[in-house]
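Biologist: Please take one part of this model, the aromatic rings, and go through it closely and slowly, as you would for someone in a first year of study.

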Amino acid sequence: MEFFSVENEKLYFRNDGELLRIMPWGRNSLRVESSLVDAIPEGEIALLEPDAETGRAQAEIRDERHASIQNGNITAELFVQEWGNGLQITFKNQKGEVLLREISNGGALTRRARKFRSLPGGNYHLTVTFESEPSEKIYGMGQYQQEILDLKGCNLELAHRNSQASIPFYVSSLGYGFLWHNAAVGEVHFGKNTTEWTANSTKKLDYWITAGDTPDQIEKQYASVTGTAPMMPEYGLGFWQCKLRYYNQDEVLEVARGYKERGIPLDVLVIDYYHWPRCGDWRFDEEYFPDPKAMVDKLHEMGIETMVSIWPQVEWRSENFEEMRQQGLLVKQTAGVDVQMIFHGNNVFMDATNPRTRAYVWEKCKKNYADLGIRTFWLDEAEPEYNNYDYELYQYHAGPVSQIGNIYPREYSRLFYEGQKEMGQEDIVNLVRCAWVGSQRYGALVWSGDIWSSYEDFRKQICAGLHMGLCGIPWWTTDIGGFHGGDVNSEDFRELLIRWFQFGTFCPVMRLHGLRMPGKDIINRAGEVREWTGADNEVWSYGEDNYRIMVKFIRIREKMRDYIRSLMKKAHEDGTPVMRTLFYEFPQDKAAWDITDEYMFGGDILVAPVCHEHAVSREVYLPAGASWIHAGTGDAYEGGTSCQIEAAIDTIPVFLREGAQGYLVGEI
C-alpha cells in the first residue's frame, strides 16, 4: 500500500477516504489540512501567502508507514499505525524535542486523532485531539473574562460574545505556536490528558504550527503569515476622552474647551452611540447635532480628533432597513421572528461578510461622517451581540454562522479600513469591541467590552490584554474605570478609577470611558425616550485630589510619546506586542511564566498595577536577567527577586530595565 506521496514540497497521506496534506507555510512553520472527500477545499480564511524566501522544505518517504517533512526548525514525523492504518503526526523542533503529537489510536480503542462526523450539505463536525504534556504552559487564545494567564486546564468556547474575543492562536512554553485555522464556532479543551479542538461545522481540518526558541521569534513568525497592524497614528499615542454619552453638539464642544482651557493634552474626543435617530441610519440626529461639520471643524482647530460610534444593527424603523432587506444585505435568520437584538426597537444586523453590504454601509458613513472630516470610528457591537447566542440560527453571506461566524468582527473592521484607504486616508485606527485572526491588518484597536467596575474585573483585564498581544493584536485597551456600576459619588469607585487610570497610562491606548451613575433620561421634542446619558466623566469630575493625580498621569503619557511611538513601529514592522508578559522578555526566567498581574510595557518598562481594594503597597517580582530602577524613587534593584513596594494612591510601581527611559525617574 502507498499511504504517502510527495508533490511540490508537499507531503500527502491517503487512507479510507481521508486526504491529508502538510506543507511549508512561513519560516519554521507547517500547515496541516485534511478532508474526507479525497479533495481538500482550497482557500485561506486568515493565513496570508508566506514569504517566498522562507526556505525550502524537505519531504521524505522513509518506508510504507513512515514519512516526514521538515521546514527549517520544525519537522513533522508521520506514522501509519498497524491497527486500522490510522495516521499519527508528531511535531519536533531542531533539537529533536517533541513539541506536539496527535493521540495514537490506542490499539483496540480505535481512537481517531482527526474525527470527522458528517453533517447535511457535505459539512462535518470535526474533533482533533493531541496528547497533552502536563507541564506545558499555554498563553493566548484571545480575550476571555478570567483572571488566568496560563490556560492549561481551561475549557474555552471558540465564539465571540460581548467582552469575549476568541482568537484561536496560542504560544506554548515548549517552544511552539499553534493556530487553529478555522472560523467555526466550537470549543477547545486544554486538558491534562489531551488537548482537543472542536469545530461544530466545517469543510476541512486546517491548522498551522511554528517552532521558535523564544516567544518573540514565535510572534514574529505568526505575524509574517497573519499580518501586522498599520503604523499607529500620532493621535493614538495620547489621551482619549469618552463617556456614555455626550448626547449633543454643545456638550461635546464644552468638554473639548474644558480640556483646552485647563491645558490638559487631549488627542481624541469620542461621541458614543445613539447620536443617530435610529440604529442603521448611520448619521447624526439633527435635533441634537444641528451642524456636525462645524463641530468637527472646531474640534480640529483645537487639535482634537473626533471619533463617532457605529453600530451594525439596523432597526426595523430605520430609513435604510427596507432597502437593505430587499438587497439581501442583512444577516439571515433561519427560524423564528427576524429580530436579532432588542434595544430601542427590533434590530437585525448588517452582514459585514458581504462585500455589497460593506460598500453600502461605507457609502452612508462616508457621506454622513467621513466627508465631515471624521477620521476614526468606534465599531461597537462587533461580535455581533445577538440577544440569543444560538449561533446555528444565523446565516452570513460567507456561510452559516456555526461554520464561519468568527470572522464577523474582522470583516466589520475591514469595511471601514478599506473605505478609509479608498478615500486616501493613511493614518487609520478604529476602536472595535471584538477581533479575530487578521483583524490587526485593518487598523483594529480592540477594547475589552462592557466590563464591570470592580477590582476583580480590573485584574481580569490585565490577563486579557496580555493574551491579546500574544494573539497578534497589539492595539488593545479597556474602559478606564470599567463600564458598568461606577457611581461618581462613591469614594470606593473613585479609588478604583484612579488605580485603573494609572494602569491605562501604560496600555497601548489610554481611553477614559464608562456608564457613570447617576444617569439622566433624555426625551426628544416628539416626547420619545432616547438613550440616557451618564454622570460627568471628565478628569475634573472626581474632586481636586483625583483631578491632580489623573492630570499627572496624562502628562506622564505625553512624556512617553516617543517611546510609545517606537513600540508601535515595532508592532507594525514585526508584529510584536506593546503590552507583554514578563516571560516574553525573559523566557529563561521560570518564575516569569507564572506572573499574572505585572507586565512589560515594551521592552524597557515593567508595570505592576495596584489592583486590590484599598491597597497602598504590593509585592513586585523583578525578572532575572536585568537590573531595575524604581521609576518613583530612583532606587536600584537586582533581578530575580521579589520586593514589597509602597504605592500611595498617587503612584503605581513602575520599574525601568537597566535604567532605560530614565526621564521617568521621579515622575511616577
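**Rings and their partners**

Modeller: The charged end of Arg511 sits over the ring of Trp447, at 5.4 Å from the centre of that ring, where sitting over a ring asks that NZ of Lys or CZ of Arg be within 6 Å of the ring centre and within 35 degrees of the ring normal. This is a predicted model, in which local features need pLDDT of at least 70 and side-chain atom pairs count only at pLDDT 80 or more, while totals for chains, interfaces and linings use all residues. Residues are numbered from 1 along each chain as its sequence is written, and side-chain values use heavy atoms, with hydrogens and water left out.

Arg262 has its charged end over the ring of Trp540, and here the distance to the ring centre is 3.9 Å.

Turning from charges to rings, the structure contains 53 aromatic pairs, a pair being two rings of Phe, Tyr or Trp (its six-membered ring) with centres within 6.5 Å. In one of them, the centres of the Tyr170 and Trp197 rings lie 6.3 Å apart and their planes meet at 10 degrees, so this pair is stacked (planes under 30 degrees apart; over 60 is edge-to-face, the rest tilted). Because Tyr170 belongs to strand β14 (residues 165–172) and Trp197 to strand β17 (residues 194–202), the pair ties together parts 27 residues apart in sequence; strands are DSSP runs of E, at least two residues long, numbered from the N terminus. Tyr170 and Trp197 are both buried, with under 20% relative accessible area (1.4 Å probe, protein chains only).

Tyr170 and Trp197 also belong to a cluster in which ring pairs link them with Phe91, Phe130, Tyr176, Phe178, Trp180, Phe190 and Tyr207.

How values were computed. Helices (H or I, at least four residues) and strands (E, at least two) are DSSP runs, numbered from the N terminus. Buried means under 20% relative accessible area, exposed over 50%, partly exposed in between (1.4 Å probe, protein chains only).
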